[in-house]
Amino acid sequence: MSKLALLGGSKAKHKPFPVWPQYDDKERRALTEVLESRVWWRTPGTKTLEFEKAFAGYHGARHGIAVTNGTAALEVTMAALGINHGDEVIVPNFTFVATASAVLFANALPVLVDVDPETHCIDPALAEAAITPRTKAIIAVHMGGHPADLDRLQELWHMGGHPADLDRLQELCKRNGIHLVEDSAHAHGSEWKGRKIGTFGTAGTFSFQASKLMTAGEGGMIISNDDTFEIQARSVHDCGRMPGEWFYSHFIYGSNYRLSEWQGAVLTVQLTRLEEQTRHRHQNGRLLDKLFGEIPGITPQKCDTRCTRNGQYAYIFHVDAKHFAGITTENFIAALNAEGIPTQASYPPLHELDCFRNGEYRKCLSGAQAAETHAFLKQKFPHTQRAAWETVWIPQFALLGDEEDMREIAAAISKIQRNAGEIAANAAQATAEKVAR
């Protein structure tokens with residue numbers, strides 16, 4: 001039985017994973033072209049405009065609005081939807097803070113609900129139960145690249161709830177203007193029943209931050225097939241201007257969220273690789289599903305049969321400590337890293353973040369909403385807790401490797417399982433020594 005690398009043995013991983021980000025002379029030429037044009041600003045430029053059209057078209061949308069980052073994409077979307085004081089937006093508890101902070105930025109309340117235990121995406125039934133007369137939108141996060149249940153969420157978007165209450169809920173939806181927003185920061189190129197995500201609701205938002213599936217270091221995108229929304233969102237992202245009007249006319253609230261020509265140029269090239277990279281990541285993800293299915297105690301994030309393509313921002317799997325001598329997730333990750341397998345941190349539950357626990361979030365609210373009790377902060381979120389603290393995330397660039405890489409990942413986990421007792425013993429000894437000191 002080979003010794004764990006964590007305890008001085010040899011690593012299970014024998015060759016490096018592909019590096020990220022990836023680039024070649026195409027990016028160099030694109031950047032040089034912008035440099036030499038002296039047109040570095042988006043407004044008179046063409047590169048970002050070209051990227052908007054190409055990215056939107058790739059995802060089946062009529063409109064694309066490039067912005068400074070993924071958080072900005074959500075903030076602009078909230079503003080363009082007219083979400084404001086006293087409103088509520090339903091958000092999964094298991095997501096990056098920006099999904100909720102963008103709602104607070106609009107001075108509205110993010111109402112947190114638990115996630116599906118198998119896909120870690122928002123639970124549509126709980127989203128439905130959370131609808132109130134104040135609800136203006138539901139944000140569905142495509143966690144790890146896996147689409148949320150878009151069939152059921154579209155049903156909520158169009159009907160506002162269960163058919164038994166159709167008349168009341170249709171009126172509720174009409175009165176409150178419930179929108180479906182897809183937070184697609186993890187899901188560039190993901191598909192639901194053969195259709196790319198991002199246009200199942202009013203808007204889809206994307207991130208091009210350094211770890212994402214395509215990147216310019218930072219950047220974001222909003223896509224939509226709603227013409228009215230597009231005008232509002234484009235105005236918000238460009239200081240409240242309106243198409244065809246005088247440059248110094250400002251009609252609505254807006255700020256400067258414009259993406260530069262530099263990033264537009266880089267992202268246009270990055271987009272040309274996305275289809276093949278997505279296909280490759282999805283294929284390797286399904287191979288890992290098979291390999292991990294043979295390891296007791298390892299349960300991959302479910303890939304729904306309706307998910308015909310998973311962009312696979314991360315490969316997420318649950319570790320049952322009972323099959324690993326009771327070691328903590330933290331100890332498991334340390335052992336996996338030592339074997340040469342990279343991981344990235346999972347998200348903590350939103351309701352446990354300091355800004356919610358210390359009441360700071362209330363400073364973004366007003367009136368009765370700022371003072372009232374928010375029941376979701378006292379609820380239990382068992383599936384979010386499990387996803388947050390008992391899962392391991394392998395980053396997307398590892399899935400750009402070959403079949404040998406995937407088999408080495410599985411071999412590393414099997415090696416940890418065989419030697420888990422030693423990890424447990426070492427952890428117990430370290431604890432005892434700490435107590436003795």
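Tutor: Let's start with a yardstick: a residue is called exposed when its relative accessible area is over 50%, buried when under 20%, and partly exposed in between. Keep in mind that we're looking at a predicted model.

Student: Okay, let me try the yardstick. Is arginine 38 buried or exposed?

Tutor: Arginine 38 has 75% relative accessibility, so it counts as exposed. You'll find arginine 38 in the loop between helix 1 and helix 2 (47-58).

Student: What about the backbone there? What is phi of arginine 38?

Tutor: Phi of arginine 38 is near 65°, a positive value in a residue other than glycine. Asparagine 107 is another non-glycine with a positive phi, about 65°. Asparagine 107 sits in the loop between helix 4 (98-105) and strand 3 (109-113).

Student: And how does asparagine 107 count on the accessibility scale?

Tutor: Asparagine 107 comes in at 24%, so it counts as partly exposed.

Student: While we're on backbone torsions, which peptide bond is cis?

Tutor: Look at the one from tryptophan 20 to proline 21: it is cis, with omega near 0°. Proline 21 belongs to the segment before helix 1 (25-37).

Student: Now the annotations. Which residue does UniProt list as "active site"?

Tutor: In an unreviewed entry, UniProt lists Lys212 for "active site". The unreviewed entry also lists Lys212 for "modified residue: N6-(pyridoxal phosphate)lysine". Such annotations may be inferred rather than shown by experiment.

Student: Where is lysine 212 placed?

Tutor: Lysine 212 is in the loop between strand 8 (203-207) and strand 9 (220-224). Being in a loop doesn't settle accessibility here: lysine 212 has 9% relative accessibility, so it counts as buried.

Student: What does lysine 212 touch?

Tutor: Leaving out residues up to four places away in sequence, lysine 212 touches Trp20, Ala185, His186, His188, Ser207, Tyr313 and Gln396. Notice Trp20 among the contacts of lysine 212; tryptophan 20 is also where that cis bond to proline 21 begins.

Student: Give me a helix residue to practise on. Where is threonine 329 found?

Tutor: Threonine 329 is in helix 10 (residues 329-338). At 17% relative accessibility, threonine 329 counts as buried. Its contacts, not counting residues up to four places away in sequence, are Trp389, Glu390, Thr391 and Val392.

Student: Let's zoom out. How many helices and strands are there in the chain?

Tutor: The chain has 15 helices and 12 strands. Buried residues make up 53% of its 437 residues.

Student: How do I read the radius of gyration of the chain?

Tutor: Compare it with what a compact globule would give. For 437 residues that would be near 22 Å, and the chain has 23 Å, which agrees. The C-alpha trace spans about 75 × 55 × 45 Å along its principal axes.

Student: What share of the contacts with a separation of 6 or more comes from residues 24 or more positions apart?

Tutor: That share is 73% in this chain.

Student: Last one: what do surface and charge look like?

Tutor: The accessible surface of the chain comes to about 18400 Å², with 55% of that belonging to carbon and sulfur atoms. For charge, count the side chains: 45 are positive and 51 negative, and the centres of the two sets lie 2 Å apart.

Methods:
Residues numbered from 1 in each chain as written. Predicted model: local features only at pLDDT ≥ 70, side-chain atom pairs only at ≥ 80, totals over all residues. Heavy atoms only, no water. Helix = DSSP H or I, 4+ residues; strand = E, 2+ residues; numbered from the N terminus. Buried < 20%, exposed > 50% of the residue type's maximum accessible area, 1.4 Å probe, protein only. Contact = heavy atoms within 4.5 Å. Rg over C-alpha atoms; globule rule 2.2 N^0.38 Å. Areas by Shrake-Rupley, 256 points an atom, 1.4 Å probe, with all protein chains shown as cover. Lys, Arg positive; Asp, Glu negative; His and termini not counted. Charge placed at Lys NZ, Arg CZ, Asp CG, Glu CD.
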